[in-house]
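Q: Labels such as "buried" or "polar contact" can look arbitrary. Can we go through some of them and check each against its cut-off?

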Amino acid sequence: MKFSGNTFVVTGGASGLGEATVRKIVEQGGNAVIIDVNTENAKKLSEELGEDRVLAPGRVDVTDEDQVDQALALAVERFGTLGGAIICHGVIGAPTSIPGYGPSNGLTSVQQVKFVNNINFIGVYTVAQKVSEIIIKQETVNDDAERGVIVMVSSSAGLDGVLLAYGVAKAGVAGLILPMARELAPFGIRVMGIAPGGFMTPMAISTAQLGDAFVAPGYSPGFPRRAGDPSEFAFMVSHIVENPMLNGHVVRLDAGVRLH
Ligand SMILES: NC(=O)c1ccc[n+]([C@@H]2O[C@H](COP(=O)([O-])OP(=O)(O)OC[C@H]3O[C@@H](n4cnc5c(N)ncnc54)[C@H](O)[C@@H]3O)[C@@H](O)[C@H]2O)c1
């Protein structure tokens, strides 16, 4: 599979890692469909990169199945077929109005876990499932009889067991990769996960703090001793999309840093 000449759904495509992925897709000659609640950034990006190449279908909340269905229907109407999905949306925590953000206030509340998992886990599967259902019905595209690629974003927090609500959702995403790859193998669809460490995006606390975090307690030293650039994430996505032997596992993209 290649970005070139194909269309990819990018959730969280209005910011950070998703935005870098949209830019990479267009740079390599593909089309992108942005699924995001940040309509302003999505529209700006679409205008900058070309509305014929980047579809920004308005506000699409991944927790609302109807909104996702409508956006995917628009994508198919505009571009004909889909080559896959890069699922990058996410939140780090629930709004402060939802109580019980552990550990300082006791064990993380059920409301926190529900809120974060609804977006970061159920929302991920919602898009992955719906995009896969569309691709299953399409023709194969190469000699391997490949139909598409689904890439989902986990996190080192999920693999290293930190941040209860967020980390559990991200461990859930990591846990989805192999069973989904097995279910989709008969249809020629690969499924891969990426578990980033710290990357310079609006989600990261701040540029300066994220830089410091790499030498602070809680992080093991890695190399290079800096946070990742979103373009380095997009580079990994493009490699996964192109390399047919990558399937069914989660790639750590964290410069060797472990959280503890
Ligand atoms: N930046 C990092 O250091 C880092 C590390 C590990 C994992 N991640 C993961 O990478 C992914 C991208 O994060 P980022 O750093 O680019 O963050 P970001 O905040 O820059 O982008 C996240 C995007 O998701 C969108 N979004 C949030 N809730 C949504 C919803 N309900 N429906 C649709 N869109 C929604 C936001 O509007 C935003 O545009 C996330 O899943 C995040 O958990 C990031």
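**Labels and their reasons**

Q: Why is Lys130 called buried or exposed?
A: Lys130 has 13% relative accessibility, and buried means under 20%, so Lys130 counts as buried. This is a predicted model. Lys130 sits in helix α4, residues 110–136.

Q: What makes the link between the side chains of Lys130 and Asp69 a polar contact?
A: The two side chains are 3.0 Å apart. The cut-off is within 3.5 Å for a pair of N or O atoms, so the pair qualifies. Lys130 is also in contact with Glu65, Val68 and Leu72, leaving aside neighbours within four places in sequence.

Q: Why does Ser154 count as buried or exposed?
A: Its relative accessibility is 3%, and the limit for buried is under 20%, so Ser154 is buried. Ser154 is found in a loop, between β5 (148–153) and α5 (156–160).

Q: Which residues does Ser154 touch, not counting residues up to four places away in sequence?
A: Ser154 touches Leu159, Lys170, Val173, Ala174, Ile194, Ala195 and Pro196. The side chain of Ser154 also reaches the backbone oxygen of Lys170 at 2.8 Å. That value is within 3.5 Å, so this is a polar contact.

Q: What makes Ala145 partly exposed?
A: The relative accessible area of Ala145 is 34%. Buried is under 20% and exposed is over 50%, so Ala145 falls in between. Ala145 lies in the loop between α4 and β5. Its phi is near 60°, a positive value in a residue other than glycine.

Q: What makes Ala255 partly exposed?
A: Ala255 has a relative accessible area of 29%. That value is between the limits of 20% and 50%, so the label is partly exposed. Ala255 is found in the segment after β7 (250–253). Ala255 also has a positive phi, about 55°, although it is not a glycine.

Q: What is the omega of the peptide bond from Phe223 to Pro224?
A: Omega is near -5°, and the bond is cis. Pro224 is found in the loop between α7 (207–213) and α8 (230–242).

Q: How do you know that the radius of gyration of the protein chain agrees with a compact globule?
A: With 260 residues, a compact globule would have a radius near 18 Å. The protein chain has 18 Å, so the two agree. Along its principal axes, the C-alpha trace spans about 50 × 35 × 35 Å. Of the 260 residues, 50% count as buried. The chain holds 8 helices and 7 strands.

Q: Which residues come nearest to the ligand?
A: Ser15, Asp36, Tyr166, Lys170 and Thr201 come nearest, out of 27 residues around the ligand. The shell divides into 13 nonpolar, 11 polar and 3 charged residues. Helices α1 (16–27) and α6 (164–184) each supply at least two residues of the shell.

Q: What makes the pairing of the ligand with the side chain of Asp61 a polar contact?
A: A nitrogen atom of the ligand is 2.9 Å from an N or O atom in that side chain. The limit is within 3.5 Å, so the pair qualifies. An oxygen atom of the ligand is 2.8 Å from a polar backbone atom of His89. An oxygen atom of the ligand is 2.7 Å from a polar backbone atom of Phe199. Taken alone, the ligand exposes 830 Å², and the protein buries 91% of that.

How values were computed. Residues are numbered from 1 along each chain as its sequence is written. This is a predicted model: local features need pLDDT of at least 70, side-chain atom pairs count only at pLDDT 80 or more; totals for chains, interfaces and linings use all residues. Side-chain values use heavy atoms; hydrogens and water are left out. A residue is near a molecule or strand if one of its heavy atoms lies within 4 Å of it. A polar contact is a pair of N or O atoms within 3.5 Å; within protein, one must be able to donate a hydrogen and the other to accept it, and residues adjacent in sequence count only if both atoms are side-chain atoms. Accessible areas come from the Shrake-Rupley method with a 1.4 Å probe; for residues, only the protein chains shown count as cover. Helices (H or I, at least four residues) and strands (E, at least two) are DSSP runs, numbered from the N terminus. Ala, Val, Leu, Ile, Met, Phe, Trp, Tyr, Cys and Pro count as nonpolar, Asp, Glu, Lys and Arg as charged, and the others, Gly among them, as polar. Buried means under 20% relative accessible area, exposed over 50%, partly exposed in between (1.4 Å probe, protein chains only). Contact means heavy atoms within 4.5 Å. The radius of gyration is taken over C-alpha atoms; the globule rule is 2.2 Å times the number of residues to the power 0.38.
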